[in-house]
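I opened the model to look up how its aromatic rings meet and where surface charge gathers. These are my notes.

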Amino acid sequence: MPRDREHFILQGRGRAQVFKAKGGGSPKRPSDVADRAAHAHALLQALDHLSNVAAVNRPGLYLEVKGRPGEVMATSGLNASGLTLLSVEPATANEQPSRATVFASQNGISKLRQKIEDFREKNRTKKDGSEGRPFHADLVQSIGAIVEAGLRALWRSPNQKFPEGDGARPWEIWLDKATAVQFIAGAPEYGVVISTDRLEFPEDIVVIGTSTGEAMALAVRRLGGVRALAAPTVTADYFDALEIEEQVDWLDDVVGRTTFHDGADINYVTLLDRGVSRAHPLIAPALAVADRHAADSAWGFEDHVGHGTQLAGLALFGDLTAALQTMNPIHVRHRLESAKIIPDAGHNPHHLLGAVTRDGINAAEVTGDRRRTFTMASTTEDDTPHDGAPTSWSSEIDQLTSGVSGEKKIKRLLLVSAGNTNQDQFANDDYLTVCDYPDHEVESPAHAWNAICVGAYTEKNVLPAGEFGAPLAPVGDLAPSSRTASWSSHWPLKPDIVFEGGNWLVDGAPPPMKHPALSLLTTDHQFPQRAFTTTGETSGATALAARAVTELWSDYPDLWPETVRALFVSSARWTPQMRSHLPVNPAKGDYAPLFKRYGYGVPDLKRARRSASNALTLVVQDTITPYRKADKSSPQHVHNEMKVFQLPWPVAELRKLVDAPASLRVALSTFIEPNPSEPARGSKFRYASHNLRFKLNRPNESGATFLARISKTAEQPDEPILEEDDKWTFGRNRRDVGSLHIDELVCPASDLARRNLIAVHPVAGWWKTKTIPDPENRNARFALIVEIDAGETNAELYAEVQAMIENLNVIATSV
């Protein structure tokens, strides 16, 4: 595994002021002293009227440099000494002068001023000693005017596509790679919503931002880093509406740019769905004939409905809208398996859904041991409302993931969709209230403890030109199709994460409708009759999540499924739009609606994969024996051990930061074995085989005091938890549910330097009951993810930890 910068794995719009040079021509001879001086004076006046970069704390200015009519402008001097040439528009036949767009730092403006002054005052000396041309004559004589540029100077699409009016519109933003992170992070403050999609080129990063023109101009002026603006590229409906011959042309291009990887140690996405059609050229190279299966041997393997093939395309390529519009090579680093669990006709009997899922998994695993991401976008509303309590299907999912069910007794990574809302119940506004209705509760088995439940959000808001109507959901918020949790405590937080699931169109009388332009583009099962189709909702979101988590696992093949789940989910964050539903200073309880809708938010693979110099991630994989036998007088077994980790904290670097804020995020993941019997349904402590918690020592809390506090907490009764003022953001009522616990805190860096002990300890579970004769023989695996981030500082956290990592001290201590 690559170790460099990896995880430590422990086994404004400006008002244009124009100053033009006097006269219609430029000075041709050095003897034209008066014209030369007047020309230079006009340009220097123009510079004097530009904004003072230093005074307004801006990284630089965007300049529009105009040429002289009928002349070629010399632009080489506009790309040096703090000047970055962004674009050049040549002169036109109707005598419109050439124009260049330049980004100038304060130093660049000073250097440009010096060049103009040198042109006015100094002449070069020829070899024979005679007086030559003025300094920088080619550059300065060719400049007709200098103004502070507006957005149109950065526009690279056809002029007629430039956004008009006061409404928010999508913009394609080309960013300088070196400063892209700062623009993306700062843009929301100025009202520019940045989507999660990224295109990366050798010198640019391209994103989509949604804002008014005024907001975009302000962000560009204040933040800098924007190299160009353009009209967003075409939406999925463009490709979906093409005739088959045109679709095939686009298809051939994608196939020609794609490399399908193979090998004995490759990861698989195993789709538990309606089958997958291999005829499609984008699927066949990744799906072997022998890797199509069915839960019932009497069923065929083909996809006669289209759902499975749609998910297959998303699981391999993501939203094909992006892939079709770039020329970049595509590398598919994982393969597909298909296990049909839904027959072509009719439906499975409800009481057999868990068994059919198990049979589908067994059929796939017959082919041999592989790292599989089991992906299921089939749910049922027949069990709702369940209020988060276990159902037979969700309990079997927990058994399959924990390894106590299935022909092979192995841990499994499994993703399941949250289920879709009833479109007919929506009006044309206040859609979030409808999504939060109890009858739009997350469907079974998506509330299983060990599975990653995937809901949907949307960044889709671009409609074809002239299209009537408007998107229902704002950018960055819940997709209208996504169900939410009806419970806020006791049972696990669901969904765990959200991915793109498309938007709906409001175009008149309700209900809102689906629209191809607001959907995901993927593969069609009817190939060669059709190559592409559109899909979305939580099914599409789940397939996208499967692709992302499988790519992560491919980077770290030695990680356990529990660890991959923790790393993936912990990387998620709420979008600015999601966070807009919070009060200004949220209390712990204010986060409940966000968890019920979005889980932990949208995963970020870059965050999940790497550590930076001022941020790092520690990953622990370990086992624990939670309980041991008690004496005969005790009504139940007792706690056996906890694991205490002395973290290799970068103390020196954190202390240098003093009161600068540093953030800590902890994730603890384990797979429980379920006990869904009726007496256990009312208690999370009796449903799960074991329950684990994490604790961090407080500043100046000694090791002995820390251990005593944990021992007392471990014996807590089976009752609601009282919140404590422990500085954690989400708190124990949000955190200590289910089998995946995540929380974060922000504190002064110097305080964090003194919080270097973290413990994993058991609380009650059904393994602790006297019905288990040998609790000391029952071990539980767990993964612990610890992230620290010093934000935009120059701290070298990574380097200090790297020097300490081999001395990490792991202590097993009796409770």
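**Aromatic pairs and a charged patch**

I began with F568, which counts as buried because its relative accessibility is 0% (buried means under 20% relative accessible area, exposed over 50%, partly exposed in between, with a 1.4 Å probe and protein chains only). The model is predicted, so I kept in mind that local features need pLDDT of at least 70, that side-chain atom pairs count only at pLDDT 80 or more, and that totals for chains, interfaces and linings use all residues. Residues are numbered from 1 along each chain as its sequence is written, and side-chain values use heavy atoms, with hydrogens and water left out.

I then looked up ring contacts and noted 22 aromatic pairs in the structure (rings of Phe, Tyr and Trp, the last by its six-membered ring, pair if their centres lie within 6.5 Å; planes under 30 degrees apart count as stacked, over 60 as edge-to-face and the rest as tilted). One of them is the stacked pair of F499 and F568, at 6.2 Å centre to centre and 25 degrees between the planes. Because F499 sits in strand β23 (residues 497-500) and F568 in helix α14 (residues 561-570), the pair ties together parts 69 residues apart in sequence (helices, H or I of at least four residues, and strands, E of at least two, are DSSP runs numbered from the N terminus). F499 is buried as well, with a relative accessible area of 13%.

Next I checked F645 and F782, which form an edge-to-face pair at 6.3 Å centre to centre, with 75 degrees between the planes. F645 belongs to strand β31 (residues 641-646) and F782 to strand β36 (residues 780-789), 137 residues apart, and both phenylalanines are buried.
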